[in-house]
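Visitor: I am new to this structure, and I would like a close look at a single part of it. Could you take me through the charged side chains that pair with one another, and show me where they sit?

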Amino acid sequence: MRRFLILCGILLVVVGCVKNEGTIVLPEDIPDFVQLSDVETINWHNKAVEFGDRGIIGNENKSGVIGGGLTTYKWMWHLWGIENIRDTKLTIVGFHKESSTVQPILVDGWTIGLGGPNNGADAHTPSGVIIPEPGEWAILLYVNEKLFDTLVYEINE
């Protein structure tokens, strides 16, 4: 009986560890409109692709980046379907699939302003980004506090 109880205890610890692996926790300072369900429903098969003549990588006619794929660099964000750009805010949330980590990737926090048309997009903005480790990343884009698009990148550098 004692061996059985010890075995059950070990199984409980192992199952508990496995269950906690991959648990997604939102950072305390993340904007309150970002929901855990936004991260949990990422379509990892919808990979960003190159489109247009400027080498934009993203979801055609929705959003994309020039400069994507690098771990620490300047990225130029492009968005289509944005009206009334004045005072429009872009919040960018990074999610690393392998570590289940949610974090800002902008050098200066979570949110930046958008500028006018560029490279055929309705809105754009440059930013410094830091991608701390390689792997599969989902970049969730929020425009004026609403989920706008998700870009899925394989970062190898």
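**A close look at the salt bridges**

Guide: The accessible surface of the protein comes to about 9200 Å², and 53% of that surface belongs to carbon and sulfur atoms. What you see is a predicted model, and 41% of its 157 residues count as buried. The protein has two helices and 10 strands, and in the order of the chain the two α elements come before the β elements.

Now to the part you asked about. Side chains of opposite charge can pair when their charged atoms come close. The structure holds two salt bridges, and Lys47, Lys97 and Glu136 are linked through them in a network.

In one of these bridges, the side chain of lysine 47 meets that of glutamate 136, with 2.1 Å from N to O. Because lysine 47 lies in the loop between helix H2 (36-40) and strand S1 (49-51), while glutamate 136 belongs to strand S9, the pair ties together parts that are 89 residues apart in sequence. As for their surroundings, lysine 47 is partly exposed, with a relative accessible area of 35%, whereas glutamate 136 has a relative accessible area of 11% and is therefore buried, the cut-off being under 20%.

In the other bridge, glutamate 136 meets the side chain of lysine 97, here with 3.4 Å from N to O. This pair, too, links distant parts of the chain, since lysine 97 sits in the loop between S5 and strand S6 (101-104) and glutamate 136 in strand S9, 39 residues apart. Lysine 97 counts as partly exposed, at 36% relative accessibility.

Strand S9 (135-143), which carries glutamate 136, also gives two or more residues to the largest nonpolar core, as do strands S4 (72-79), S5 (89-96), S8 (123-130) and S10 (146-155). That core has 24 residues, and those with the most contacts inside it are Trp77, Leu90, Ile92, Ile105 and Ile139. If you look at isoleucine 92, you will find that it touches, among others further along the chain or before it, Trp77, Ile105, Ile139 and Leu141. Apart from this core lies another, of 14 residues, including Ile30, Val39, Trp110 and Tyr142.

Links between distant parts of the chain also appear in the protein as a whole: among contacts between residues at least 6 apart in sequence, 57% join residues at least 24 apart.

Key:
Residues numbered from 1 in each chain as written. Predicted model: local features only at pLDDT ≥ 70, side-chain atom pairs only at ≥ 80, totals over all residues. Heavy atoms only, no water. Core = buried A, V, L, I, M, F, W, Y, C linked by side-chain atoms within 4.5 Å. Buried < 20%, exposed > 50% of the residue type's maximum accessible area, 1.4 Å probe, protein only. Helix = DSSP H or I, 4+ residues; strand = E, 2+ residues; numbered from the N terminus. Contact = heavy atoms within 4.5 Å. Salt bridge = Lys/Arg side-chain N within 4 Å of Asp/Glu carboxyl O. Areas by Shrake-Rupley, 256 points an atom, 1.4 Å probe, with all protein chains shown as cover. Lists of a residue's contacts leave out its neighbours within four places in sequence.
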